Amino acid sequence: MLRATRLVRSSKRGFATVVDSSSGFKVAAIDNAQPTSSVTVLLKAGSRYESKPGLAHVLSNFAFKSTGKRSALGTVREAELYGGVLSSSLSREHLALTAEFLRGDETYFIDVLASFLASPKFTRHELNEYVLPAVHSESSAATQAAPTHAVELAHSLAFRNGLGHSLYADSHATGSITADDVRDLHTRAVSNPSNVAILGTGISTESLAKHFESVFAAHHTKSSTTASTPAPATTYHGGSTRVASAHGGPQALFIGFGSTKSTSVPALHALAAHLNPVPALKWASSVAPWASAIPAGVYARSVLLPYSDATLIGVVLEGTDGAALKEGAKAVVAAFRDAAVPGKVGAEVLARAVARARFQLVAGVEARDGYVGAFGPAVLRGEKTTATATTLLDGVQAVSAASLSQVAGDLVKSKPTYVAVGDLHTLPYADEIGLSA
């Protein structure tokens, strides 16, 4: 509790103000006097907003390629001279471009980020020779990782379009993607300032806004602002699928549900913590109520994936024995149903789940990636970031046994999302583990 309070107070000092640059981008930063700094450009260019399957994945891999200021090779060599690290990451709603560097080198790295926003070339030869091979490699690795593949398929079943779009592009999807398609997705994101947020660590908000505005103005050619087209509201559908894996290795199951109620998010965090069978101490036994029902050789973990207008919650099971996975899956279904029974979750069990959920929320924002994931969407919405963090923490703290069972009850009454990836001769069907359509 004390650690959580300290971190929230620290975030309050650092993220007290979100400013609008003269270009219209929202800028926020935190400076705890650390020796390194980072700057992240967050764009509403996740897979949810792509016009072709895999387009956002391709754009993510175009990061730090040739621009009007420097070539891709020049960017790499200069970044190495400064000792910095450049990276990009993609989620279903956002594309994040990040530069990490020694304090004092912000002018160069902000220039690199600004040039990608203002003057990317999106050349055809880079698409074919560098970008697509990287995309195919990442997609192949994700498909061969059964748990990752299961979660991707779960999104497709749960939400179909929008949030249902995969983060990864397969070779069939990329065949129709052109450099102009990539440019169009980039332009739609960047041309509307409300789609762009600049986040920094190890630098003040005022300094970041000043540096970014000066270098962006040098690169940017004045263009008309494109009106932002809101993404269609998300609808939860659910469903079941079984996919054979030809790669061998561990198999995976996903058992879960979706929700589009924003008021349920705090209780969903507590429920995910309650269902998580991973022990607090390595090699120790888990105190989760259903952990003892997990067969030997099966690894289980809860998954909670909140988005702007929907949340996916579930449990991923991984193992090599289909019969053991079936028994573990039955235990997961029973755990969801038990949580929905009023009075079934005792006071001590609830307190443990709430404490674990709060710790995971607070610990998650200590790293730079966590700051971007937790505070970036709030900055894009124009909210004060500390209000978002403290409101969610307070909401989780206020979860009662009645509210947790109510949310769990709403979930189990809806259509479940079930995915099996592996040997279809041994993996169970949804009705064999107690799920119904």
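## The five-stranded sheet

In this predicted model, five strands form an open sheet with mixed pairing, arranged in the order S7-S11-S8-S10-S9. At its edges lie strand S7 (239-244) and strand S9 (299-306), each of which pairs on one side only. From one strand to the next, the twist averages 15 degrees.

Strands of a sheet pair through backbone hydrogen bonds, in either a parallel or an antiparallel manner. Here, strand S8 (residues 251-259) and strand S10 (residues 311-319) pair in the antiparallel sense, and nine bridges join them. Within this pair, Ser 259 stands opposite Thr 311 of S10.

## A helix on the sheet

Helix H6 (residues 146-159) packs on the sheet and touches S7, S8, S9, S10 and strand S11 (417-422). The direction of H6 makes about 145 degrees with that of S11.

## The packing of H10 and H11

Helix H10 (residues 265-275) packs with helix H11 (residues 322-339) at an angle of about 135 degrees, and their axes are 11 Å apart. H10 is therefore oblique to H11. The crossing in which H10 passes H11 is right-handed.

On the H10 side, the residues that meet H11 are Leu 271, His 274 and Leu 275. Their counterparts in H11 are Ala 335, Phe 336 and Ala 339. The residues of this contact comprise five nonpolar and one polar, with no charged residue.

Conventions: Residues are numbered from 1 along each chain as its sequence is written. This is a predicted model: local features need pLDDT of at least 70, side-chain atom pairs count only at pLDDT 80 or more; totals for chains, interfaces and linings use all residues. Side-chain values use heavy atoms; hydrogens and water are left out. Two strands pair if DSSP finds at least two bridges between them. Helices (H or I, at least four residues) and strands (E, at least two) are DSSP runs, numbered from the N terminus. Axes are lines fitted to C-alpha atoms, for helices over the stretch in contact, and angles run from 0 to 180 degrees between N-to-C directions. Contact means heavy atoms within 4.5 Å. Angles under 35 degrees count as roughly parallel, over 145 as roughly antiparallel, 65 to 115 as roughly perpendicular and the rest as oblique. A crossing is left-handed if the near helix is turned anticlockwise from the far one by less than a right angle, and right-handed if clockwise. Ala, Val, Leu, Ile, Met, Phe, Trp, Tyr, Cys and Pro count as nonpolar, Asp, Glu, Lys and Arg as charged, and the others, Gly among them, as polar.
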